[in-house]
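Got the structure open in your viewer? Here is a tour, one selection at a time.

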Amino acid sequence: MTLIELIESSSARLAEAGVSFGHGTRNAFDEAAWLVLWKLGLPLDALDGNAGRDLADAEIAACETLVAERIATRKPAAYLTGEAWLQGVPFTVDERVIVPRSLIAEVLAEGSVDAWLSEDTRRVLDLCTGNGSLAVLAALAWPEVEVDAADIDTDALAVAALNVQRHGLGARIRLLQGDGLAAADGRYDLVLCNPPYVNRESMAALPPEYRAEPALALDGGDDGMDFIRRLLAALPERLSPHGVLVLEIGHERAHFEAAFPRLETVWLETSAGEDQVLLLSADALGVRA
């Protein structure tokens, strides 16, 4: 059996089993390619150059066992491989954190926020940092800034520490533990936040792959806005007069606008559309100098 034949057969198994995607891949073929290439110790972009490679029986068996584990456990592939990629950057992942997939990463990579920043932008806060991926991407995007990465969960911060170390950013990223902005230290020029925002009805309907993740990082209460209400109430005391908030809310725009009907909101374009990541300026939040 060749590599591509194994990936195709594994893809068929995943599709037939009805597993859910969204943790780094969007379909059965890409998921199968990820699992097989990882198990064989090949780079994830090595498929084209190795598609026709004949595999040994032991290699086939090892890959098929991994695919079977993916189907049986319904765990995201990243939990099985211990690694996930965001904007081409690798991150260490385990079941203490949700799999990194924030659309804010696109905003950082594409420079969509840059026009809102000033020459005085130096302090960045990544709130609800999880495995630290957005903090790392922010530090890589803007070499002149210092980043505070905050989370309520000490287990998540332990994983974030692995990623800060992995990317050699210990001198510029500080990890802080606390509930919401209670962990913040002073005022920030840019706040990034991918909070728990899934509403109660949607939480109940999540497929097993998403239920395998820490509920603390997903559950936003009845309308998904519990954390966000607290954040927007407290943020004016933590945002600089020229600062901005970049906030991900997923599919909760209707609930967001119902909760904050008077906010002057800028919606940022992403691959998922223009209604999942928003920007709020200091002026919109009523920040005073």
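Helices (H or I, at least four residues) and strands (E, at least two) are DSSP runs, numbered from the N terminus. You are looking at a predicted model, where local features need pLDDT of at least 70, side-chain atom pairs count only at pLDDT 80 or more, and totals for chains, interfaces and linings use all residues. Residues are numbered from 1 along each chain as its sequence is written, and side-chain values use heavy atoms, with hydrogens and water left out.

**Stop 1: two loops with positive phi**

Select Cys128, in the loop between E3 (123–127) and helix H7 (133–141). Cys128 isn't a glycine, yet its phi is positive, near 65°.

Stay in that loop and pick Gly132, which also sits between E3 and H7. Is Gly132 buried or exposed? At 1% relative accessibility, Gly132 counts as buried, where buried means under 20% relative accessible area, exposed over 50%, and partly exposed in between (1.4 Å probe, protein chains only). Now add Leu162 to the selection: Gly132 and Leu162 are 30 residues apart in sequence, and their C-alpha atoms are 8.8 Å apart in space.

Next, jump to Gln87, in the loop between strand E1 (83–86) and strand E2 (89–92). Gln87 has a positive phi too, about 50°, without being a glycine. Its relative accessibility is 43%, so Gln87 is partly exposed.

**Stop 2: H1, H2 and H4**

Two packed helices are described by the angle between their axes and the distance between the axes. Show H1 (residues 3–17) together with H2: they pack at about 125°, with their axes 8 Å apart. Here the axes are lines fitted to C-alpha atoms, for helices over the stretch in contact, and angles run from 0 to 180 degrees between N-to-C directions. H1 and H2 are therefore oblique to each other; angles under 35 degrees count as roughly parallel, over 145 as roughly antiparallel, 65 to 115 as roughly perpendicular and the rest as oblique.

The crossing of H1 and H2 is right-handed: a crossing is left-handed if the near helix is turned anticlockwise from the far one by less than a right angle, and right-handed if clockwise. To see the interface, light up side chains including Leu3, Ile7, Ser11 and Leu14 of H1, plus Ala28, Phe29, Ala32 and Val36 among those of H2. Contact means heavy atoms within 4.5 Å.

Hide H1 and bring in H4. H2 and H4 pack at about 135°, with axes 9 Å apart, and that makes this pair oblique. Their crossing is right-handed. On the H2 side, pick Glu31, Leu35, Val36, Trp38 and Lys39; they meet Ala62, Cys63, Leu66, Val67 and Arg70 in H4.

**Stop 3: salt bridges**

Side chains of opposite charge can pair when their charged atoms come close. How many salt bridges does a search of the whole structure find? The search gives 17, with a salt bridge taken as a side-chain nitrogen of Lys or Arg within 4 Å of a carboxyl oxygen of Asp or Glu.

Zoom in on Glu31 and Arg70, a salt bridge whose closest N and O atoms are 2.7 Å apart. Glu31 lies in H2 (residues 28–39) and Arg70 in H4 (residues 57–73), so the pair ties together parts that are 39 residues apart in sequence. Both Glu31 and Arg70 are buried.

Then go to Arg166 and Glu83, where the closest N and O atoms of the salt bridge are 2.3 Å apart. Arg166 belongs to helix H8 (residues 154–166) and Glu83 to strand E1, so this pair ties together parts that are 83 residues apart in sequence. Arg166 is partly exposed at 36% relative accessibility, as is Glu83 at 21%.

A third pair to select is Arg229 with Asp223, 2.5 Å between the closest N and O atoms of their salt bridge. Arg229 is partly exposed at 35%, while Asp223 counts as buried at 16%. Finally, select Glu31, Arg70, Arg74 and Glu209 together: salt bridges that share partners join them into one network.

**Stop 4: H11**

Show H11 (residues 226–234) and colour its buried residues: Phe227, Ile228, Leu231 and Leu232. They cover an arc of only 120° around the axis, which puts them on the same side of H11; the arc is that of the directions from the helix axis to the C-beta atoms. What do they pack against? Strands E3, E6 (188–193), E7 (239–248) and E9 (273–281), along with helices H12 (253–259) and H13 (282–285).
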